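Colleague: Before we talk, could you put the model on the screen, so that I can ask how its labels are justified?

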Amino acid sequence: MALKMRYLELNRKVRDVRMLAIQGIAEAGSGHPGASFSAAEIMGALYFHKMKHRSSDPLWEGRDFFINSKAHSAPGFYAVLATAGYIDTKEVKTLRKLGSRLQGHPVRYSERQKNHSFPGIEYSGGSEGIGLSVAIGIALAKKRDGKKNRVYTLIGDGESNEGQIWEAAMAASKFKLDNLVAILDRNKIQQDGFTEEIMPLDPVRDKWTAFNWNVVEVNGHKIEQIIDALSRIEKVEDKPSIIIAKTTKGKGIKHMANSPQWHGKAPPKKHVPILLEELQSEILIAPSIIAGEPENYEEKVRRAERAGADLIHLDIMDGKFVPSTSFFADTIKHLRKISSIPFDAHLMIEKPIRHVEEYIDAGCDIITVHVEACNEVEFAEINKMLLKAGISPGIAINPGTQFPSWLIGHLNNIDVMIIMSVNPGFAGQKFIPDTLDKMAEIVKTLKSNNYKGFIEADGGIDAATLQQVFDAGARIMVAGNAVYGSPDINSNIIQLRHKANVAIETKLLELATINDMRSDWIKSRKNMLIPLAKELGIEEDLHAIK
Ligand code: DX5
Ligand code: ZN
């Protein structure tokens, strides 16, 4: 099912949420990075895509309601509301300050509370276990009034120790509240440790099923899975639904990830520039299915998804724009039925304006056309069609093509730019080193024109070339031969991720060194740097710290 979610823009907004939240927490010197980060995709999927709401009219009658029962995720929640336009993003830096509207735990907005809250906050949280009951009250009232508003509530797994959660669960199924959706941020950590050690919640799925709820499980950091689940749940009748979102506390900052100590602790302010760099360095891996054995696309998609790929790169070749012919919209339509992984379609075809509709209908999430195959007017038309359909628009540039200045005027509506590092037409070609300087040059031009989209590297990307294109600015890595060129796809993707990790840590170390805090940074990140010590050349640093 095509989700029409403008995937890359959503991805970028959720990244911005993490960046805003960590700045607010560091500025305040306190706050909860763990929960803000584990629930970022969940709250992003709701506010940036699924929920009916208006930041220009926060009390609009027809709005859906979000009850944030897991209130210590406040910094992330405020960052989501700021990114959605309820407050200026700058205000997130006033978090927890005296006189700030952004309290440590959100306060429900009212005229009386206007100095401690802002319109858009529906619920005063803090002591946990209560939000689900409030959500049930709203859902029941709306249902009895025959209103179509939907009610969403975010609950925690530590919070699920509270008995009131289970009383509420019984009531919701009693009243058949199919307009109510709870989302469980299942990061398996609570304030002072791991949930399964403190108060085991598993088998959590069976518990909610036994309370007669419709239960769906997703990877809570794959926004496409959350949105897919939210769409399917809308068709469920006479039952409330719960999405069990498997998440990682502190996801996004490696030394905070899955660590109880970062439940309610702020990083030193001086680390913020490095943490922001890390958040902007996340890499997406996109296997190209034309590589390896001929066809067998279905199996290739399934295996890549199982191996943890982020996207599937679909090379559409018409035998005219490029010498080879691959597959077309009908094949993609079929593949769309077997997976919700985002499809990154690379159209190497002549006159894409005549065909782009077919790829929209086929269920692609990202559609990239070549600058050599269309003029500005055609590109603008294609772009308009893609944005209207909720597809992330992209443009690709061949090695021999100069960056056309007319693209500058369209940058706001371009979510990805493919800088080809081979001449298109085949997988398994050798990487063209000259394209590195070109990529770096284009990235400079884009940055100076406030481009917010992604750079995608395509052609000859493998363990040897990945760091180079990462350093040049690429964050989406297409890999054909490197993934499908040998049988063990799992370890091929693990190796690429490892190389990506080394590239990111090298960059962060450089930044820490430039800012004169190398040993302090290594100390704060010691545990996850030790396995990379040799590759990063920091054995002496680590030794000195001991
Ligand atoms: C080439 C395609 C690439 C290619 C990548 O025209 O656009 O996506 O399949 O394959 P590798 O990684 O093997 O170069
Ligand atoms: Zn490609």
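Colleague: What makes the pair formed by G460 and ligand 1 a polar contact?

Modeller: In this predicted model, a backbone N or O atom of G460 lies 2.8 Å from an oxygen atom of ligand 1; a polar contact is a pair of N or O atoms within 3.5 Å, so this pair qualifies. A backbone N or O atom of G428 also lies 2.8 Å from an oxygen atom of ligand 1, while an N or O atom in the side chain of D315 is 2.9 Å from an oxygen atom of the ligand. Taken alone, ligand 1 exposes 380 Å², and the protein buries 99% of that.

Colleague: Which strands each supply at least two residues of the shell around ligand 1?

Modeller: They are β9 (312-317), β10 (343-348) and β15 (476-479), and the residues of the shell divide into 8 nonpolar, 9 polar and 2 charged.

Colleague: Turning to N149, why is this residue called buried?

Modeller: N149 has a relative accessible area of 3%, and buried means under 20%, so the name applies. The residue lies in the loop between α5 (131-144) and β2 (151-156).

Colleague: How do you know that the side chain of N149 makes a polar contact with the backbone oxygen of E61?

Modeller: The side chain of N149 reaches that oxygen at 2.8 Å, and the cut-off is 3.5 Å, so the distance fits. A polar atom of the same side chain lies 2.8 Å from the backbone oxygen of R63. Leaving aside neighbours within four places in sequence, N149 is in contact with several residues, among them G62, F65 and N179.

Notes:
Residues are numbered from 1 along each chain as its sequence is written. Chains are lettered from A and ligands numbered from 1 in the order in which they are written. This is a predicted model: local features need pLDDT of at least 70, side-chain atom pairs count only at pLDDT 80 or more; totals for chains, interfaces and linings use all residues. Side-chain values use heavy atoms; hydrogens and water are left out. A polar contact is a pair of N or O atoms within 3.5 Å; within protein, one must be able to donate a hydrogen and the other to accept it, and residues adjacent in sequence count only if both atoms are side-chain atoms. Accessible areas come from the Shrake-Rupley method with a 1.4 Å probe; for residues, only the protein chains shown count as cover. Helices (H or I, at least four residues) and strands (E, at least two) are DSSP runs, numbered from the N terminus. Ala, Val, Leu, Ile, Met, Phe, Trp, Tyr, Cys and Pro count as nonpolar, Asp, Glu, Lys and Arg as charged, and the others, Gly among them, as polar. Buried means under 20% relative accessible area, exposed over 50%, partly exposed in between (1.4 Å probe, protein chains only). Contact means heavy atoms within 4.5 Å.
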